[in-house]
Amino acid sequence: MSTFISKLPKVELHLHIEGTLEPEMVFALAKRNGITLNYPDETALRAAYQFSDLLSFLRLYYQGMEVLLTEQDFFDMTLAYLERVHQEQVRHVEIAFDPQPHRLRGVPMADIIEGIARALAQAKAQWGLSSRLIMAFLRDLSQESAFATLQEAKPFRHHLYGIGLDSAEVGNPPSKFAKVFAAAREQGYRLVAHAGEEGPPRYIEEALDLLQVERIDHGIAAIHDEALMARLAKARTPLTICPLSNLKLNVVDSMAEHPLLQLLHAGLCVTVNSDDPAYFGGYMNANFLALQQDLGASKHDLLQLALNGVEASWLSNEEKQQLHQEIISYGEQHGVYLKT
Ligand code: ADE
Ligand code: ZN
């Protein structure tokens, strides 16, 4: 592992907490909850992590999360992730959870949100690792279901910062959720949506124009639309890109063909994230390393990507300035100077 990457202060903005369930934890939670899994052991489960596309991944992702039943389960899963990224010099995280599949299994909303929030509070107290929590709607479910979920979350509003949109993209355009995103905006939530992962550039435009999101999760389809790229660059609309995820889900054929650097050099506010690290073969540092080793990203690029993460985050201006300066100083110590 390159020391430059492993010690670089970082921010993660696109992470599904259920996507951090490592096979070992899936088996431990299954045992604790008396659940029988379809796989004989952790090795067999890990061996099943071969995906042809987003849908083939989502099948395993929803199956894996079925072991989550109690507040303690949500706490343990979240703390394990936070401990891991703390060791990787991640200073701030904005993480999403998918309440609907848990609610369909009968898990109370209180146990889901309070378990995650308790781990976030502990990480802040113990390591100074700050966070924002994003509640995501599944786009392959109905808008009515999203409205019901928004309503159910009201008693826990103080734990929640943003609303997101994820799951099977193609055929479920952002326009399907315009009303519920407007309601969430009224309630003071910050807004993000997955768009342009497997879907077309038009979905990115819809997310911006109809949902009025301030960040796009993935968004790499923008590379196919020059006018959209110019718009995103001008507005500095952040794209939370996940290199290893894109590779594992065949959104790109190889890391060498990933458009991340083209987008970065065209002036877009692209950031690096891990999406579902337990399934895609790596957390934050592994994603940065793949960019350096297989895409040819320079230290200058990596530093700019880390700074973009700070810019794209929902930290206060004061917190942003502090972390920005820390990253700039880190670069200077390693002979990397950015024009700011
Ligand atoms: N849910 C978890 N990971 C996802 C991804 N990469 N795209 C859409 N929905 C997801
Ligand atoms: Zn995602």
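## Close-up views of a predicted model

**View 1. Strand E2 and its two neighbours.** Strand E1 (residues 10-12) and E2 pair in the parallel sense, over 3 bridges. This is a predicted model. On the E1 side, Val11 stands opposite His92 in E2. E2 also runs parallel to strand E3 (residues 130-138), and 6 bridges join the two. There, His92 stands opposite Ser130 in E3. His92 of E2 thus has a partner in each neighbour: Val11 and Ser130. E2 is mostly covered, with 7 of its 8 residues buried. In a regular strand, side chains alternate between the two faces of the sheet.

**View 2. The zinc ion (ligand 2) and its donors.** Four donor atoms belong to this site. They are NE2 of His14, NE2 of His16, NE2 of His194 and OD of Asp275, at 2.0 to 2.2 Å. Along the sequence, the donor residues follow the spacing H-x1-H-x177-H-x80-D. His16 sits in the loop between E1 and helix H2 (23-32), and Asp275 in the loop between strand E8 (270-272) and helix H14 (277-280), so this pair ties together parts that are 259 residues apart in sequence. His16 and Asp275 are both buried. The geometry is irregular, with angles of 84 to 174° among the donor atoms. For four tetrahedral donors, the ideal angle is 109.5 degrees.

**View 3. The largest pocket.** The largest pocket holds about 260 Å³ of space. Its lining counts 15 residues. Nearest the centre lie Arg91, His92, Gly128, Ser130 and Leu323. His92 and Ser130 are the residues that stand opposite each other in E2 and E3. Strand E2 (90-97), helix H7 (109-127) and helix H17 (317-333) each supply at least two lining residues. H17 gives the most, with 4 residues. By class, the lining of this pocket has 5 nonpolar, 6 polar and 4 charged residues.

**View 4. The largest cavity.** The structure holds 3 cavities of 30 Å³ or more. The largest has about 100 Å³ of space. It is lined by 16 residues, and those closest to its centre are His16, Phe57, Leu58, His194 and Asp276. Two of these names recur from the zinc site: His16 and His194 are donors to the zinc ion (ligand 2). Helix H4 (residues 54-64) provides the largest share of the lining, 5 residues. The lining divides into 7 nonpolar, 4 polar and 5 charged residues.

**View 5. The second largest cavity.** This cavity has a volume of about 80 Å³. Of its 15 lining residues, His14, His16, Ala96, His194 and Asp217 lie nearest the centre. His14, His16 and His194 also coordinate the zinc ion (ligand 2). E2, E3, strand E4 (162-166) and strand E5 (190-195) each supply at least two residues of the lining. The residues divide into 8 nonpolar, 4 polar and 3 charged.

**View 6. Two residues with positive phi.** Most residues other than glycine have a negative phi. His218 has a positive value, near 75°. His218 lies in strand E6 (residues 215-218). Its relative accessible area is 0%, so His218 is buried. Asn250 also has a positive phi, near 60°. Asn250 lies in the loop between helix H12 (243-248) and helix H13 (260-265). With a relative accessible area of 44%, Asn250 is partly exposed.

Note on methods: Residues numbered from 1 in each chain as written. Chains lettered and ligands numbered in written order. Predicted model: local features only at pLDDT ≥ 70, side-chain atom pairs only at ≥ 80, totals over all residues. Heavy atoms only, no water. 1 Å grid on protein atoms, 1.4 Å probe; cavity = no way out; pocket = protein on both sides within 12 Å on 5 of 7 lines; lining within 4 Å. Points joined across faces, edges and corners; volume = space filled by probe spheres on them. Nonpolar A, V, L, I, M, F, W, Y, C, P; charged D, E, K, R; others polar. Buried < 20%, exposed > 50% of the residue type's maximum accessible area, 1.4 Å probe, protein only. Pairing = 2+ DSSP bridges. Donors = N, O, S within 2.8 Å, 3.2 Å for Na, K, Ca; no water. Tetrahedral: all angles 85-135°; square planar, octahedral: opposite > 155°, others 65-115°.
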